[in-house]
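This report follows one strand of the model outward to its neighbours, and then turns to a helix residue. Please keep the sequence and the 3D view at hand while reading.

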Amino acid sequence: MTLQYTVIDPTKNITLLVTTPMPRARYAQIASHLLALEKDAEQVGFLESSDEQDAALQMMGGEFCGNAAMSLGAWLCRGETEGVDRHFTLDVSGVDSPVSCDISVVRHGYIGTVSMPLPEKIETLTLPFGDGEVTLDAVFLPGICHIIAPNGTVQRHQAEDALRHWAGLLQLDAVGLLLFDETAMRFDPLVYVRATDTAVWERGCGSGSAAIGAWMTKKHGKGQCLSLKQPGGAIAVATVWQDGAVTSLTITGTVALGKEKSVEITW
């Protein structure tokens with residue numbers, strides 16, 4: 001059968017949005033096939049219908065992804081003219097509540113703001129590492145956990161083996177390792193998804209940006225407005241801190257819609 005998908009670029013976190021209805025049981029298999037076909041792609045999401053919201057998005061491993069939610073919002077605005085602003089509520093995998101997404105159509109693409117799910121907890125973990133242990137903070141967001149490794153704590157060549165090990169140890173279906181240089185306000189995100197057994201160095205990570213924003217908010221005990229540099233560009237994070245907790249968490253980035261493509265799928 002013919003499967004249609006669109007290549008979407010939110011801060012170079014290349015996302016493939018499958019728009020042909022497919023059975024969920026096939027999502028991981030289809031995602032693996034598409035990632036092998038599209039060498040620059042980092043993740044795959046599947047468009048689904050929603051009875052109550054504007055649309056629904058199911059990620060390839062059931063994880064949550066802010067950039068993919070932003071990508072869907074931009075896709076829903078395709079054909080709109082410059083200057084148009086749209087608001088959407090989306091059902092997104094990994095979270096129980098609808099996700100709010102605001103899209104502005106600009107000359108060369110879209111600017112999107114997503115209200116991210118709030119952290120379930122932020123805690124310090126002591127994890128096995130090499131011949132010893134390492135102590136790192138982790139931000140548990142609905143649908144994904146991000147472990148923050150300050151500059152020099154974990155080297156890039158050590159990251160993938162460590163993350164796979166920690167994902168199994170913590171029994172996490174989706175987990176990120178963020179190599180974070182606080183002085184430069186820059187990080188390199190590695191994301192592992194168990195369902196597809198993929199570990200990808202992403203060029204832009206929305207949930208990782210949100211995790212760092214939440215972590216910085218707790219660390220400083222006040223709301224933050226940050227621009228976090230990543231290999232693919234910058235994502236802005238804004239937070240509110242109230243009564244000892246993060247009460248609002250948004251990310252803002254740019255999105256470019258690429259080509260709509262089709263591929264023949266055989267089971």
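## Strand 2 and its two faces

In this predicted model, strand 2 covers residues 15-18, with T15 and L17 pointing one way and L16 and V18 pointing the other way. All four of these residues are buried. In a regular strand, side chains alternate between the two faces of the sheet.

## Pairing with strand 1

Strand 1, which spans residues 2-10, pairs with strand 2 in the antiparallel sense, and the pairing comprises 4 bridges. Within this pair, I8 has T15 of strand 2 as its bridge partner. The two strands form a hairpin with 4 residues between them, and T11, which lies in the turn, has a positive phi of about 55°.

## Pairing with strand 3 and the crossover

Strand 3, made up of residues 43-48, runs parallel to strand 2 and is joined to strand 2 by 4 bridges. Here the bridge partner of L16 is V44 in strand 3. Between these strands the chain passes through helix 1 (residues 27-37), and the resulting β-α-β crossover from strand 2 to strand 3 is right-handed.

## A31 in the connecting helix

Helix 1 includes A31, and this residue counts as buried because its relative accessibility is 0%, against a cut-off of under 20%. Although A31 and L16 are 15 residues apart along the chain, their C-alpha atoms are separated by 8.7 Å.

Leaving aside residues up to four places away in sequence, A31 touches V44, F46, M60 and T196. Of these, V44 is also the residue in strand 3 that serves as bridge partner of L16.

Conventions
Residues are numbered from 1 along each chain as its sequence is written. This is a predicted model: local features need pLDDT of at least 70, side-chain atom pairs count only at pLDDT 80 or more; totals for chains, interfaces and linings use all residues. Side-chain values use heavy atoms; hydrogens and water are left out. Buried means under 20% relative accessible area, exposed over 50%, partly exposed in between (1.4 Å probe, protein chains only). Two strands pair if DSSP finds at least two bridges between them. A crossover is right-handed if, with the strands pointing away from the viewer, the path from the first strand over the helix to the second runs clockwise. Contact means heavy atoms within 4.5 Å.
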